[in-house]
Amino acid sequence: MPIEATEKIWFNGKFVDWDDAKVHVLTHALHYGSGVFEGIRCYNTDKGPAIFRLKEHVDRLFDSAKIYYMKIPYSKSEIAEAIKELVRINGLKECYIRPIVFRGYGEMGLNPLNNPVEVAIAAWEWGPYLGEEGQKKGIRAKIVSIQRITPNTLPPVAKACGQYINSILAKLEALNCNYDEAIMLDYRGFVSEGPGENIFVVKDDVIYTPPEYASILKGITRDSVIKLAEDMGYEVRERDITRAFLYLADEVFFTGTAAEITPIREIDGYEIGVGEITRKLQKKFYEVTHGKDEKYISWLDFV
Ligand code: PPE
């Protein structure tokens, strides 16, 4: 899906035209993946566009930067305000927002400390990550042979550019085997997550999801879904999940900012189908993100 250009991109403190938001080919991050980023969604509500869990996304951006010894030359509130202003300036109602903090042009080599830390934020309209139909009818996933990065190689809690090379290998392995998406195992052999999504399993009305130590990115959608499910009366257990537990599950779904809640209807040729709890959570998530449930209104930042 090509990116749908909008008018402006926020780049190092200024709004520039979309086509002018450029970097040099010797940018450090292009060579070494030395950047961190976020994916945030803005939803249309009766009170106008609202950004979902903006504070948590900005906090995670700063945490990711800290892991890589990057000092962001703006405050959290400046970044949050820039994100809101970007949505306003581009006249967007619903969009995906991509802030990126990266080591810029300066020196080459693995000590990046003399290179500038640059910040850009773009926003555009982006539909469901795994397709409209995938979100409705469910997708087919494969447990791939590529393992998820480990806590002592590339810290999975950091949403860092270079770490996504691991996700790209996983994704391509799944696509080459004619599946829609990959499921990665952690270094111990337990289920970790998708290339860009966390994973949940339903068995006998209990909801399971891999714990933090299963090398996952601590998803903000994951956190939202855990809270929503508990408030709806379901028991949620963060626990190690085996391959066979997935195959024998009643329901399995992915969560993520881009993917939202996407059912997984088949894994490795095992039919799972799309279940009622996934549907209920999708409906609740839609209501919450679109400002239709007062109880969670504090998760929305109106632009
Ligand atoms: N795990 C990974 C590896 C991941 O990249 C994401 C988000 C998640 C879990 C879910 O996290 P959260 O969005 O906070 O619920 N992936 C982002 C980027 C995907 C991409 O292809 O780019 C996203 O969904 O925005």
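**Notes on strand 5 and Gln163**

1. Strand 4 (residues 40–45) pairs with strand 5 in the antiparallel sense, with 4 bridges between them. This is a predicted model, so read each point below with that in mind. The link from strand 4 to strand 5 is a hairpin, and 2 residues make the connection. If you want a landmark for the register, take Cys42, which stands opposite Ile51 of strand 5.

2. Strand 5 has another partner too: strand 17 (residues 300–302) runs antiparallel to strand 5 and is joined to it by 3 bridges. Here the pair to look at is Ala50 and its bridge partner in strand 17, Phe302.

3. How many residues of strand 5 (residues 48–52) are buried? The count is 5 of the 5, so strand 5 is largely enclosed by the rest of the structure. As a reminder, side chains in a regular strand alternate between the two faces of the sheet.

4. Now over to a loop. Gln163 sits between strand 8 (139–143) and helix 5 (164–176). Is Gln163 buried or exposed? With a relative accessible area of 3%, Gln163 counts as buried, because the cut-off for that is under 20%.

5. What does Gln163 touch, once its neighbours within four places in sequence are set aside? Its contacts are Tyr68, Ile149, Leu154, Pro155, Pro156 and Ala158. Pro155 deserves a second look: its backbone oxygen lies 3.2 Å from a polar atom of the Gln163 side chain.

Notes: Residues are numbered from 1 along each chain as its sequence is written. This is a predicted model: local features need pLDDT of at least 70, side-chain atom pairs count only at pLDDT 80 or more; totals for chains, interfaces and linings use all residues. Side-chain values use heavy atoms; hydrogens and water are left out. Buried means under 20% relative accessible area, exposed over 50%, partly exposed in between (1.4 Å probe, protein chains only). A polar contact is a pair of N or O atoms within 3.5 Å; within protein, one must be able to donate a hydrogen and the other to accept it, and residues adjacent in sequence count only if both atoms are side-chain atoms. Contact means heavy atoms within 4.5 Å. Two strands pair if DSSP finds at least two bridges between them.
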